[in-house]
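Open the model in your viewer and keep the selection tool ready. This tour moves from stop to stop and says what to select at each one.

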Amino acid sequence: MCGIVGYVGTQKAASILIEGLKRLEYRGYDSAGVAIQQEGRIDVAKKAGRVEVLAKEVARRHFSGTAGISHTRWATHGGVTDANAHPHLSSDGKIAIVHNGVIENYLSIKKFLLGKGYAFVSETDTEVLGNLIAYHYAKETDTKPGSRLLESVRKTLRHVEGTYGIAAICIDSPSEIVAARKGSPLLLGVGEGEHILASDAAALVSRTRNVVYLKDGELVQITPDSFSISTVDSLEVSPVIDQITWSIKDAELSGYAHFMEKEIFEQPAALENAMRGRFSEDGSTANFGGLNLSATDFRQIDRLVFASCGTGWHACLVAEHLIERFARVPVEVDYASEFRYRNAPLDRDALFFVISQSGETIDTLAALREAQRKGYKALAICNVVGSTIARESDGGIYQHAGPEIGVASTKAFTSQLLISAMLALYLARLRDMSYSDGVTYVQGLKAAPDLVRRVLDQAPRIKEIAQRYAQCSDFLFLGRLSLFPIALEGALKLKEISYIHAEGYPAAEMKHGPIALISERCPSVFFVPQGELFNKIVSSMQEIKARKGKIIAIVTEGSDLPAGLADETIWIPDCHEAVLPIVATVPVQLLSYYIAVARKCDVDKPRNLAKSVTVE
Ligand code: AGP
C-alpha cells in the first residue's frame, strides 16, 4: 500500500526511480511522483494517475541528479490530485518527503506548525511530517555536520503517532537520504557505490540482491558510499545483510498478458516449492524446519486459532476443515481485523497462526502481536521472506511461492492451501493417523502439481465459458465442506478484478436467501466433487435449474452428473481429499481472470485496491 523508492549513487536517479515505481505500482496507483536533488535545488514532478503518466513528465524534464526519492500512492488522507501526490516539499522548500502509512496526530501537529508560520498546500498527513522535519531542521544548527537531517527526522518521529515508512531529502545535503519505518515495510539495497531504498524487494533486485530489512523504530541514513542504521531512541544498530534469492525475471511478465495470468500458470511450480524437502524420509508425514516447537509441544495443543484477511482468511477456513477432519484438533478462524479488537478468550493450550502472503498486512500483524501479548506462541504461514510478520512471529512456514505481483492473489493462495494440508498431516500423524494413511496422504499431495497442470490445460475452454458469461450482473459461488471457502474465494476473485457482484455460500445455504438473486443474468458456479455430498449438491443444482438459473459446474472427471443439469462443465481430476481445494480453485481463478479480460478490466491493478494493505 503505497510504494517508496529512494536512490543515491552515481547514475541518473530519475530513471532508476521510475523503474522502481513501475515494479511497485501494484502497491498503489492513484498518483506518483519523484523529487530529485540537482544543482542545489530539489526538483519535484508529481501527477495524479499511473506511473506511466509520471514517466512522461520526468522524461520531458530531463532530470540529471543522482539522488532522489519517489512514491506511488494509494490515497488515505486527501483525494487523488496532483497536490496530494507525494513527494511533498516543506513550506520553506528545504525538505522533500515521501510517506507510506497514516499519521494519526497530524491535525494537532498541523495546528502547531500553522502557529509557527508553516503553510500547507495539500490535504495530506505527509506534508505535516515534512514541515515538522523542516521545523526541527531549522533549530538543529549546532548538530555535527552530516547529522542535521538525521537528527531532525529522529526528533520528528518522536512526536508522531501512527505508522510510517518515510524517506526524506534536504536541499543542503545533495547526496543523502534519511529513511525510517514503523509499521510500513522498508528495505535498504546495498550496491556498489550506490544505495537504494524500497518498500519491496521487487524495486531494487535489478540493482542488488544484498538487502537490509529495516525494523520498526529504525532510521537509516544513506549516501552513495555509506549507510548507518540507528533507532528513534538514538541507539546504533549493527546491520544484517541478507540475500534476495529470486531474480528480476521472477518479477517480470515473461510473455504473459498480466501478472495474474502468469501467477495462475506458475502454480504447479509454486506447489512444488512449498513441498520441497518437507516430507519425512519414510514418506508418511510432513516436516517443517522453522516452527520452533517440538512434536511434544504440538501434542499439548488443544486448539488452533487462525487469523488472516481476504484470500488468506479463506486459506484459514480450508486449514480449519483439514485439521479438524484429519487431526481432530479444534480450530477457530477469525478475521485478523476483528481478532485484534474483540479480546477473544483463548484456551490455555491454544496455538495461534496467521496466514499472510505479503507479511505486511497491518491487521494480520496486529492480530499476531495481540496473541503474543497474551502470552501465546504465534506462528505464521508467509510468502515474503524477511517481512514484518515473518520476523515477528515465533516461528512459521515460508511458502517459497516466489514474488506475487498481481493484486488478486492466486499462486500464494494455493500454496497456502498446500501448506495447510501439510500441517494437517503433521498434526494428524502426531495423533491418530496411521503410517499407511500418512503415506497415501503424502502421495496425494505430491500429485498436486500435475493435477493442477491438467486443470490449466483446460484454460482455452474456460476462456470460452468466461466470454459467454462476462456481461452477467451477479454470480453465486456454491460449495460444501472444504470447497465452501473456495466458493468464497471464487466470489472474491471475480468481484475484485471484474467488479461483478458475487457471493459465495455453502451450497445448501443458498435456498435460505441468495436463491432470490437467481435470474438469467445471475449464474451459479457449483463445486460438485464426487463424494459423500454429491447427491445433496445435485439437489441444490436442481433447485437453481427449476428457477431458470444458469449453472457452471466444476465436476470431478468421470462423474455421473445428470445430463443437461449444468449449462457448462469444467472438469477437475479425481484427487486426495486434502488436494481437492487446490484443484478446485484453479478453474475459478481462470474463470474470473478471463471474465475480467473480456470486460477490459485492468486485471493487475483493479480499482480502489492495493496489493499489500498496510493501513487499518
Ligand atoms: C486477494 O486477492 C486480495 N487482494 C486480498 O484479499 C489479500 O489476500 C489480503 O489483503 C491479505 O493479504 P496478505 O496475504 O498479503 O496478508
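Helices here are DSSP runs of H or I with at least four residues, numbered from the N terminus. Keep in mind that this is a predicted model.

**Stop 1: the ligand**

Select the ligand. Which pocket holds the ligand? The ligand sits in the second largest pocket.

Now show the residues around the ligand. There are 13 of them. Ser356, Gln357, Ser358, Thr361 and Glu496 come nearest. Colour the shell by class: eight residues are polar, three are nonpolar and two are charged.

**Stop 2: the helices beside the ligand**

Select helix 9, residues 310–327. Then add helix 17, residues 484–498. Each of these helices supplies at least two residues of the shell around the ligand. Which helix gives the most to that shell? Helix 9 does, with three residues.

**Stop 3: polar contacts of the ligand**

Zoom in on the oxygen atoms of the ligand. Select Gln357 first. A backbone N or O atom of Gln357 is 2.7 Å from a ligand oxygen. Move to Ser358. Here a polar side-chain atom lies 2.7 Å from an oxygen atom of the ligand. Then pick Ser409, where a polar backbone atom is 2.9 Å from a ligand oxygen. How much of the ligand does the protein bury? Taken alone, the ligand exposes 410 Å², and the protein buries 90% of that.

**Stop 4: an open sheet**

Leave the ligand and switch to a cartoon view. Find the open sheet of seven strands with antiparallel pairing. The strand order is 5-6-7-8-12-13-14. Which strands form the edges? They are strand 5 (88–89) and strand 14 (236–237), and each pairs on one side only.

Stay with strand 5. Strand 5 pairs with strand 6 (residues 95–100) in the antiparallel sense, over two bridges. Select Leu89, then its bridge partner in strand 6, Ala96. Strands of a sheet pair through backbone hydrogen bonds.

**Stop 5: two backbone details**

Most residues other than glycine have a negative phi, and most peptide bonds are trans. Two places here depart from that.

Select His86 and Pro87. The peptide bond from His86 to Pro87 is cis, with omega near 0°. Pro87 lies in the loop between strand 4 (67–73) and strand 5.

Finish at Asn343. Its phi is positive, near 50°. Asn343 is in the loop between helix 10 (336–342) and strand 18 (350–356).

How values were computed. Residues are numbered from 1 along each chain as its sequence is written. This is a predicted model: local features need pLDDT of at least 70, side-chain atom pairs count only at pLDDT 80 or more; totals for chains, interfaces and linings use all residues. Side-chain values use heavy atoms; hydrogens and water are left out. A residue is near a molecule or strand if one of its heavy atoms lies within 4 Å of it. A polar contact is a pair of N or O atoms within 3.5 Å; within protein, one must be able to donate a hydrogen and the other to accept it, and residues adjacent in sequence count only if both atoms are side-chain atoms. Accessible areas come from the Shrake-Rupley method with a 1.4 Å probe; for residues, only the protein chains shown count as cover. On a 1 Å grid over the protein atoms alone, a cavity is a set of points where a 1.4 Å probe fits but cannot get out, and a pocket is an open set with protein on both sides within 12 Å along at least five of seven lines; lining residues have an atom within 4 Å of a point. A molecule sits in a cavity or pocket if more than half of its atoms lie within 2 Å of its grid points. Ala, Val, Leu, Ile, Met, Phe, Trp, Tyr, Cys and Pro count as nonpolar, Asp, Glu, Lys and Arg as charged, and the others, Gly among them, as polar. Two strands pair if DSSP finds at least two bridges between them.
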